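Trainee: I should like a close look at a single part of this structure, namely its aromatic rings and the elements that surround them. Please set the account out as one connected argument.

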Amino acid sequence: MSRLIVREWSNCVAALVLLATVVLTGGSGASNRNETYDLVIANGRVMDPESGLDAIRNVGIRGGKIAAISNSHLEGKHTIEAKGLVVAPGFIDLHEHGQEPRNYEFQAHDGVTTSLELEAGTADVDQWYARREGSSLINFGVSIGHIPVRMKVMNDPGTFLPVGDAAHREATAGQLQQIDDEIEKGLRRGALAVGMGINYTAAATHDEIVDVFRLAAKHGAPVHVHLRHAGLQEPTTGLVGIEEVIAAAAATGAPLHVVHITSMGLKNTPRLIAMVKGARDRGLDVTTECYPYTAGSTQLESAIFDPGWQDRQGITFKDIQWTKTGERLSAETFEKYRKEGGTVVIFSIPEEAARAAVADPLVMIASDGMPLTGAKIHPRGQATFSRVLGHYVREEKTLDLMTALKKMTLMPAQRLEKRAPMFKDKGRIRVGADADITVFDANRVIDKATYEEPLQYSEGIQFVLVNGVAVVKDGQLVDGVFPGRAARAPVSQ
Ligand SMILES: [Zn+2]
């Protein structure tokens, strides 16, 4: 007896389509032979964190959507044999700064089907999307970024992060108005969220921050924020940083998403997660994310390395790796490279903090992947998702597979679906959902990228579909396909 697993549908049309699908795929095997799907994923272990389905099923795909989920045979023009493999919703990465074709190739190999730059964001939402339409391997999306908007308005000479006035000067009344206008324009143009990195725009007043939250609340957009403070030194701890934004969320009604909670909290990460949980328990829409590593990464010229950084972060020169060469820094090379500008890897996060965040069902997985600018960049953009599945789920048994998948698929989709309803059809294996699907070998999946050799594809991700089109087949990238689409909130004008 074939059976469709269907959680919900929102209107009569969907119900009728569903009924037709049930008739065509259910009952006798004979009717299945009349129904040909574009593609069938056969005999895989289908895992859907929303319905809890964890069983051997055949998945029929048509027109870029999941059209049937059945335990009887489905006929397809093409068939992927998935016996022994897990069939999961494609992974949604809420935090990826590397948004170029080569990044997308690494991410596809890591099981990512939707890559989003929501922390730094952009100052020009239309241009950002236009540059990727029709030429992207995976789905893509962006926030309107307080950092780049502040850099634009204050004529900051920095490239990715501010190094001049946007980092170090209070905005004038006129500049504040321009910042707010630009952010509101970005929201009207369909930005998925508002991005903030208060640590990088350290001179932004608390008033300025609250005003940005107010704009986000007006448009129902979550604020994805890198906190003003990180680390353990009072009065600039990660806990103080999270207090500022939880207060802003509570007072304005804006949804809040705290990025990379481990590099903010360090040893105190469990206490920061407890703040998120406490806020949620009292009815606030607050979420968070982590990457599964003990190092962070950022720009050496940024305000994070303004005087006093050693005490604030509890690290010293030798804990910092210069990505262009892989060397650890000294007082001399710190000064030299800070003037030159470039990406560093910062070894500052205790393993217990990384593990606590990866294990916590409340904390989503997001890579914080970086542009591929140096020889020894951080491996997280290339390998975060396989590292959670291979190292933390299989090897360390830190968390179970379904919980891990939920943190990579359903939870990020739910984070965005109020602002961008298209995410209701992502992060799920459900009839009617987008056919963004990752098929992997749970016994073999593992990260290969390291701090020494960061440009290595993850292994064990066997098939990746984006809107029904294979971008990874038998563990190999497929050439010349660009099925990625814009993940965007409705454009209001
Ligand atoms: Zn950050």
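Mentor: A charge sits over a ring if NZ of Lys or CZ of Arg is within 6 Å of the ring centre and within 35 degrees of the ring normal. The model is predicted, and the account below should be read with that in mind. By this criterion R387 places its charged end over the ring of Y293, at 5.1 Å from the ring centre. A second arginine, R380, has its charged end over the ring of Y291, with 4.6 Å to the centre.

From charges over rings one may turn to rings beside rings. A pair of aromatic rings is described by the distance of the centres and the angle of the planes. The structure contains 14 such aromatic pairs. In one of them, W128 and F140 have ring centres 6.2 Å apart and planes at 50°, so the pair is classed as tilted. This pair joins distant parts of the chain, since W128 belongs to helix α4 (residues 125-130) and F140 to strand β8 (residues 139-145), with their positions 12 residues apart in sequence. Both partners are shielded: W128 counts as buried because its relative accessibility is 9%, and F140 counts as buried because its value is 0%.

A further pair brings us back to Y293. The ring of Y293 and that of Y451 have centres 6.3 Å apart and planes at 75°, so this pair is edge-to-face. Y293 lies in the loop between β12 and β13 (295-299), while Y451 lies in the loop between β17 (437-440) and β18 (461-466), so the pair ties together parts that are 158 residues apart in sequence. Y293 is buried, as its relative accessibility of 4% shows. Y451 is buried too, with a relative accessible area of 18%, which falls under the 20% limit for that class. Y293 therefore has the ring of Y451 as its partner in an edge-to-face pair and the charged end of R387 over its own ring.

Ring pairs also join F305, W309, F317 and F334 into a cluster. F305 leads to Q313, a residue of helix α12 (residues 309-313). Leaving aside neighbours within four places in sequence, Q313 touches L266, I304, F305 and I346. Q313 counts as buried because its relative accessible area is 16%. As a measure of reach, the C-alpha atoms of Q313 and H95 lie 22 Å apart in space, although 218 residues separate the two in sequence.

Strand β12, after which Y293 follows, also takes part in the packing of two helices. In helix α14 (residues 351-359), the buried residues are A353, A354, A357 and V358. These cover an arc of only 130° around the axis, which puts them on the same side of α14. They pack against α10 (261-265), α11 (269-281), β12 (286-290), β16 (363-365), α15 (380-395) and α16 (401-408). Helix α11 in turn has T269, L272, I273, V276, G278 and A279 buried. Its cover includes α9 (238-252), α10, β12, α14 and β16. At 1.5 Å a residue, the 13 residues of α11 should span 18 Å, and the end C-alpha atoms are 18 Å apart, so the two figures agree. Just after α11, G283 adopts a positive phi of about 95°.

Some backbone features near these elements deserve mention. Most residues other than glycine have a negative phi, and most peptide bonds are trans. H260 has a positive phi near 25°, although this residue is not a glycine. The position of H260 is the loop between β11 and α10, and H260 counts as buried because its relative accessibility is 3%. A cis peptide bond, with omega about 0°, joins E234 and P235, and P235 sits in the loop between β10 (223-226) and α9.

H260 has a further role in the model: through NE2 it coordinates the zinc ion, together with E119 (OE) and H226 (ND1), at 1.8 to 2.4 Å. Of these donors, E119 in strand β7 (residues 112-122) and H260 in the loop between β11 (256-258) and α10 link distant parts of the chain, 141 residues apart. E119 and H260 are both buried.

Note on methods: Residues are numbered from 1 along each chain as its sequence is written. This is a predicted model: local features need pLDDT of at least 70, side-chain atom pairs count only at pLDDT 80 or more; totals for chains, interfaces and linings use all residues. Side-chain values use heavy atoms; hydrogens and water are left out. Buried means under 20% relative accessible area, exposed over 50%, partly exposed in between (1.4 Å probe, protein chains only). Helices (H or I, at least four residues) and strands (E, at least two) are DSSP runs, numbered from the N terminus. The arc is that of the directions from the helix axis to the C-beta atoms. Contact means heavy atoms within 4.5 Å. The expected span of a helix is 1.5 Å times one less than its number of residues. Rings of Phe, Tyr and Trp (its six-membered ring) pair if their centres lie within 6.5 Å; planes under 30 degrees apart count as stacked, over 60 as edge-to-face and the rest as tilted. Donors are N, O and S atoms within 2.8 Å of the metal (3.2 Å for Na, K and Ca); water is not among the atoms, so sites may look incomplete.
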